[in-house]
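Subject: The structure we talked about, with notes

Dear colleague,

I am passing on the structure below, together with some notes on what I found when I went through it. Please keep it open beside this email while you read.

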Amino acid sequence: MIESCPRRRMIMGISFLVILTTFVLIIESHWTGTPRPKHFVIENNSTCYLKEEYEIIQDCHPCPAFEIASKIKGVCIHTHNKEVLRCKSGETVSRSCDKVAWMDKRNFWTFETLLCIVGIISTLLSFYRQKVLDKKVLMRIQRQLHQSV
C-alpha cells in the first residue's frame, strides 16, 4: 500500500507528523509546569541542611538491598536511593533522593542502543523485502515475455 503512495504525499505526511510531534511536545512542556517540591525522608530527623550550608559527600546512589529489606535506614524505604550530606556544623546526614544520575544515564544509553539495533534490523528487513519484491516483479516480467514469444 505504501508503495503506491506518491513521493510528494509521503513527504507532506511526514512533514505533518514532524510538526504535530513538535506541537505536542511544546504543549506538554507548558502543561506539566514546574514540578512540585518533594519532601524526602531524612535520617534522625536532622534538618541542618535546610538551615546552614552543606556539601554533598556522596551523590545520590542506590541503597544496598540489605538496608532496603531490613529497613535499618528510613531514608532507603521510600525511594531506595540516598545521598550523604555534611553540614557546616560537622553533622553528617543521609537523606532520601529521587534519581541516581549514573543510572538514568545508563538507562538512556541502553534505550538508545536498543533503538539503534531495532532501526538497523528494520532497515535490513526493508532492503530484503524490496529485493524479494523486485525478484517477483522480474520473474513476472520474464514469465510474460516467455508466454508472448
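The notes that follow begin with the whole chain and then turn to particular residues.

Please bear in mind from the start that this is a predicted model, and that every value below was computed from it. The chain has five helices and three strands, and if you follow these elements from the N terminus on, they run in the order α-α-β-α-α-β-β-α. Of the 149 residues in the chain, 14% are buried, while the accessible surface comes to about 12900 Å², with 64% of that area belonging to carbon and sulfur atoms. If you consider the contacts between residues at least 6 apart in sequence, you will find that 53% of them join residues at least 24 apart.

A good place to look next is the pair of strands E2 and E3, which run antiparallel to each other and are held in register over five bridges. In this pairing, Val-84 stands opposite Ser-94 in E3. The two strands form a hairpin with four residues between them, and there Gly-90 takes a positive phi near 100°. Strand E3 is mostly covered, since four of its five residues are buried.

The structure holds two salt bridges, and strand E2 takes part in both, as the next two descriptions show. In one of them, the side chains of Lys-82 and Glu-67 meet with an N to O distance of 3.1 Å. This pair links distant parts of the chain, because Lys-82 belongs to strand E2 (residues 81-87) whereas Glu-67 belongs to helix H3 (residues 65-70), the two being 15 residues apart. Lys-82 has a relative accessible area of 7% and is therefore buried, and Glu-67, at 14%, is buried too.

In the other salt bridge, Arg-95 is joined to Glu-83, with the closest N and O atoms 2.6 Å apart. Arg-95 lies in strand E3 (residues 92-96) and Glu-83 in strand E2, so this pair ties together parts that are 12 residues apart in sequence. Arg-95 counts as buried because its relative accessible area is 15%, which is under the 20% limit for that word, and Glu-83 is buried as well, at 9%.

Helix H3 also offers a contrast to its buried Glu-67, for Phe-66 lies in the same helix and yet is exposed, with a relative accessible area of 59%. Leaving aside the neighbours within four places in sequence, Phe-66 is in contact with Lys-71 and Ile-72.

Which residues make up the largest nonpolar core? There are five of them, namely Cys-48, Tyr-49, Leu-85, Cys-87 and Val-93, and the elements that give two or more residues to this core are helix H2 (48-51) and strand E2. Cys-87 touches Cys-48 and Tyr-49, and it also touches Glu-52, Glu-53 and Tyr-54, when residues up to four places away in sequence are not counted.

Finally, please look at the surface, where Phe-16, Leu-17, Leu-20, Phe-23 and Val-24 make a nonpolar patch of about 500 Å². One of these residues, Leu-17, is found in helix H1 (residues 7-32).

With best wishes

Terms used
Residues numbered from 1 in each chain as written. Predicted model: local features only at pLDDT ≥ 70, side-chain atom pairs only at ≥ 80, totals over all residues. Heavy atoms only, no water. Salt bridge = Lys/Arg side-chain N within 4 Å of Asp/Glu carboxyl O. Buried < 20%, exposed > 50% of the residue type's maximum accessible area, 1.4 Å probe, protein only. Core = buried A, V, L, I, M, F, W, Y, C linked by side-chain atoms within 4.5 Å. Contact = heavy atoms within 4.5 Å. Patch = residues over 30% accessible without salt bridge, like charges linked within 9 Å, V, L, I, M, F, W, Y side chains within 5 Å. Areas by Shrake-Rupley, 256 points an atom, 1.4 Å probe, with all protein chains shown as cover. Pairing = 2+ DSSP bridges.
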